[in-house]
Amino acid sequence: MENELAPKYAPFFGMAGVAFAMIFGCVGAAYGTAKSGMGIAGVGVYRPDLIMKSLIPVVMSGILAVYALVISVLIANDLKPPPKNYSLFAGFMHLSAGLSVGLTGMAAGYAIGIVGDTGVRAFMRQSRIFVGMVLILIFAEVLGLYGLIVALILNTRSSG
């Protein structure tokens, strides 16, 4: 059943969702990696034995980019060129899915970067802070996971 009223510009919004997911998600991941990496470099000067345990924030930041990649691939698989039926509703749902995972990934990356930088520097001075730092990092990572879950729900609704 072909919908003749679907505008030709509808796929633009889906493509914007792909772009926003990757751009914002990777900005968050890059910031988290860079900020916590500065702390790790500072720790490595005085305590090189702590570098491997201090890499947790960098790994968690990289996961945010994976969330964005998953949603971008799912949206890109649903995109159809203008002769096919791609509704404006699907375009807006894909845009909102991309924004959901992208902006939460950016916020989570910011939080992971700040906590990671300060946490690994504090860990260098006091080893008992490690468990607390990891728990705070998990709560920061969960923000990006919430965005992924919402984006998956929105992406599922766009095709139904």
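Me: What makes up residues 95-154, helix or strand?
Reply: Residues 95-154 are 93% helix and 0% strand. Both words refer to DSSP runs: helices are H or I over at least four residues, strands are E over at least two, and numbering starts at the N terminus. The end C-alpha atoms of this span are 9 Å apart. This is a predicted model, where local features need pLDDT of at least 70, side-chain atom pairs count only at pLDDT 80 or more, and totals for chains, interfaces and linings use all residues. Residues are numbered from 1 along each chain as its sequence is written, and side-chain values use heavy atoms, with hydrogens and water left out.

Me: Which UniProt annotation covers residues 17-75 and 95-154?
Reply: An unreviewed UniProt entry gives both spans as "domain: V-ATPase proteolipid subunit C-like". UniProt positions follow the numbering used here, feature names are shortened, and annotations may be inferred rather than shown by experiment. Residues 17-75 are 92% helix and 0% strand, with end C-alpha atoms 8 Å apart.

Me: Where does UniProt place the feature "transmembrane region"?
Reply: The unreviewed entry puts it at residues 12-34, 55-76, 88-116 and 128-154. Take residues 55-76: the span is 95% helix and 0% strand, and its end C-alpha atoms lie 32 Å apart. Residues 128-154 are 93% helix and 0% strand, with end C-alpha atoms 41 Å apart.

Me: How many helices and strands does the chain have?
Reply: It has five helices and zero strands. From the N terminus on, the order is α-α-α-α-α.

Me: What radius of gyration does the chain have, set against a compact globule of 160 residues?
Reply: The chain has 19 Å, while a compact globule of 160 residues would have a value near 15 Å. The radius is taken over C-alpha atoms, and the globule rule is 2.2 Å times the number of residues to the power 0.38. Along its principal axes, the C-alpha trace spans about 65 × 20 × 15 Å.

Me: Why is α3 described as parallel or antiparallel to α5?
Reply: Start with the angle. Helix α3 (residues 56-78) and helix α5 (residues 130-158) pack at about 0°, with axes 10 Å apart. Axes are lines fitted to C-alpha atoms, for helices over the stretch in contact, and angles run from 0 to 180 degrees between N-to-C directions. Under 35 degrees counts as roughly parallel, over 145 as roughly antiparallel, 65 to 115 as roughly perpendicular, and the rest as oblique. So α3 and α5 are roughly parallel. Their contact (heavy atoms within 4.5 Å) includes Ile 56 and Tyr 67 of α3 and Phe 130 and Ile 138 of α5.

Me: What classes of residue make the contact of α3 with α5?
Reply: There are 17 nonpolar, four polar and two charged residues. Ala, Val, Leu, Ile, Met, Phe, Trp, Tyr, Cys and Pro count as nonpolar; Asp, Glu, Lys and Arg as charged; the others, Gly among them, as polar.

Me: What makes α3 parallel or antiparallel to α4?
Reply: The axes of α3 and α4 cross at roughly 175° and come within 8 Å. Therefore α3 is roughly antiparallel to α4. Among the contact residues are Pro 57 and Ala 68 of α3, and His 94 and Gly 105 of α4. The contact has twelve nonpolar, six polar and one charged.

Me: How do you know whether α1 is parallel or antiparallel to α4?
Reply: Helix α1 (residues 10-46) and helix α4 (residues 88-125) have axes that cross at roughly 5° and come within 7 Å. So α1 is roughly parallel to α4. Their contact divides into 23 nonpolar, 16 polar and three charged residues.

Me: Why is Lys 53 called partly exposed?
Reply: Its relative accessibility is 43%. Buried means under 20% relative accessible area, exposed over 50%, and partly exposed in between (1.4 Å probe, protein chains only). So Lys 53 counts as partly exposed. Lys 53 lies in helix α2 (residues 51-54). Lys 53 touches Phe 123 and Phe 130, not counting residues up to four places away in sequence.

Me: Why is Ala 122 called partly exposed?
Reply: At 25%, Ala 122 falls in the partly exposed class. Ala 122 lies in helix α4.

Me: What makes Ile 138 partly exposed?
Reply: The relative accessible area of Ile 138 is 39%, so Ile 138 is partly exposed. Ile 138 is found in helix α5.
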